[in-house]
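Here is a quick briefing to read alongside the model. Keep the sequence and the 3D view open and find each spot as you go.

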Amino acid sequence: MDEFKYHEIARQLAQEIRAMPDGHRVPSEHEIAQRFGVARSTARGALQELSARNVIRRVRGAGSFASHRIDYRIDADRAPSWSATVREAGAVPRSVVRSCTVEVPDDEQAAKLRLDPGEQCHRLVRLSYVDDRPAAWGVEWIPARLVPDLAAAMRVNDSLHEVLINFGLTPQRAWVRATAEIFAPEVATHLDAPTSSLGWYVESLNTDTATDRPVSLTHRWLRADTVRVIFESAVHPHRP
């Protein structure tokens, strides 16, 4: 009976929450229990279901809030730009550089970037926001020869895509791999996400349109309650 009850409560609350502004605080376990005359465990079950369905966003120590996700679209013809894609979805992007160091990547990363032995890269770590909500945590590798002082360039423009264009490159997607993953504790902390949150892990390689040389390798974790990742593929029926 309790299981049936929390499903019904979640269904009713979902209808109400979808009409709320994004980020609006939703009732607490105690408030839900009082309103529906149920045990706190039943109210907790309703909130957990709403969270699993990405109807609400749970913030540690602050409560639960209405979550209206944006569609983050990925396709071969779309520019590989976080900022441009978020703006296209009708939201405001922002990225904060957490660190930018020059390192020699490991053999696996170097092979994907087609680097010469011992060649150095910028290792760029950023936290990205959607409408001032933490949405993505990313580690990006950019060959150092392409942008001599990436840290200085990123202080002027927080869009890596635009920085690369300013240095005469035209990034395009070479490949993208995405999986649903449970966040590691470190990633959950960076994204202010609940422990054991399920989100997106996206790895992608961008190359320069003119030379086909790799320009960036990205590992990015995204909050599923903020971003819905959509892959789009054009169909060419007459292409061999």
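The lining of the second largest pocket in this predicted model splits into one nonpolar, three polar and five charged residues. That pocket has a volume of about 160 Å³. From there, we'll go on to the other spaces, then to a single serine, a ring pair and the whole chain.

**The second largest pocket**

- If you want to find this pocket, look for its lining: Arg18, Arg53, Asn54, Val55, Ser67, His68, Arg69, Asp71 and Arg228.
- Which one is the nonpolar residue in this lining? Val55 is on the list of lining residues, and Val is counted as nonpolar.
- The five charged residues are there too: the list includes Arg18, Arg53, Arg69, Asp71 and Arg228, and both Arg and Asp count as charged.

**The largest pocket**

- The volume of the largest pocket comes to about 350 Å³.
- Its lining is made up of 19 residues, and those nearest the centre of the pocket are Ser51, Ala52, Asn54, Ser197 and Leu198.
- Three elements each give two or more residues to this lining: helix α3 (40-52), and strands β1 (56-59) and β8 (198-208).
- Sorted by class, the lining of the largest pocket holds eight nonpolar, seven polar and four charged residues.
- Spot the familiar name: Asn54 is among the residues nearest the centre of the largest pocket, and Asn54 also lines the second largest pocket.

**The cavity**

- How many cavities of 30 Å³ or more does the structure hold? There is one.
- The largest cavity takes up about 300 Å³ of space.
- Around it sit 25 lining residues, with Tyr72, Pro80, Trp82, Asn206 and Arg220 nearest the centre.
- At least two lining residues come from each of β3, α4, α7 (160-166), β7 (171-182), β8 and β9 (214-223).
- Which element gives the most to this lining? That's β9, with four residues.
- By class, the cavity lining has 11 nonpolar, nine polar and five charged residues.

**A closer look at Ser81**

- To find Ser81, go to the loop between β3 (70-74) and α4 (82-88).
- Is Ser81 buried or exposed? Its relative accessibility is 3%, and buried means under 20%, so Ser81 counts as buried.
- A polar atom of the Ser81 side chain lies 3.1 Å from the backbone nitrogen of Ala84.
- Leaving aside residues up to four places away in sequence, Ser81 touches Tyr72, Ser159 and His161.
- You've met one of these already: Tyr72 is among the residues nearest the centre of the largest cavity.

**Aromatic pairs**

- The chain has a count of two aromatic pairs.
- One of them is formed by Tyr201 and Trp221, with 5.1 Å from centre to centre and 40 degrees between the planes, which makes it a tilted pair.
- Why does this pair tie together parts that are 20 residues apart in sequence? It does so because Tyr201 lies in strand β8 and Trp221 lies in strand β9.

**The whole chain**

- Zooming out, you'll find eight helices and 10 strands in the chain.
- The C-alpha atoms fill a box of roughly 65 × 45 × 30 Å, taken along the principal axes.
- The chain has 240 residues, and 47% of them count as buried.
- Take the contacts with a separation of 6 or more: 61% of them are between residues 24 or more positions apart.

Methods:
Residues are numbered from 1 along each chain as its sequence is written. This is a predicted model: local features need pLDDT of at least 70, side-chain atom pairs count only at pLDDT 80 or more; totals for chains, interfaces and linings use all residues. Side-chain values use heavy atoms; hydrogens and water are left out. Buried means under 20% relative accessible area, exposed over 50%, partly exposed in between (1.4 Å probe, protein chains only). A polar contact is a pair of N or O atoms within 3.5 Å; within protein, one must be able to donate a hydrogen and the other to accept it, and residues adjacent in sequence count only if both atoms are side-chain atoms. Contact means heavy atoms within 4.5 Å. On a 1 Å grid over the protein atoms alone, a cavity is a set of points where a 1.4 Å probe fits but cannot get out, and a pocket is an open set with protein on both sides within 12 Å along at least five of seven lines; lining residues have an atom within 4 Å of a point. Grid points are joined across faces, edges and corners, and a volume is the space filled by probe spheres set on the points. Rings of Phe, Tyr and Trp (its six-membered ring) pair if their centres lie within 6.5 Å; planes under 30 degrees apart count as stacked, over 60 as edge-to-face and the rest as tilted.
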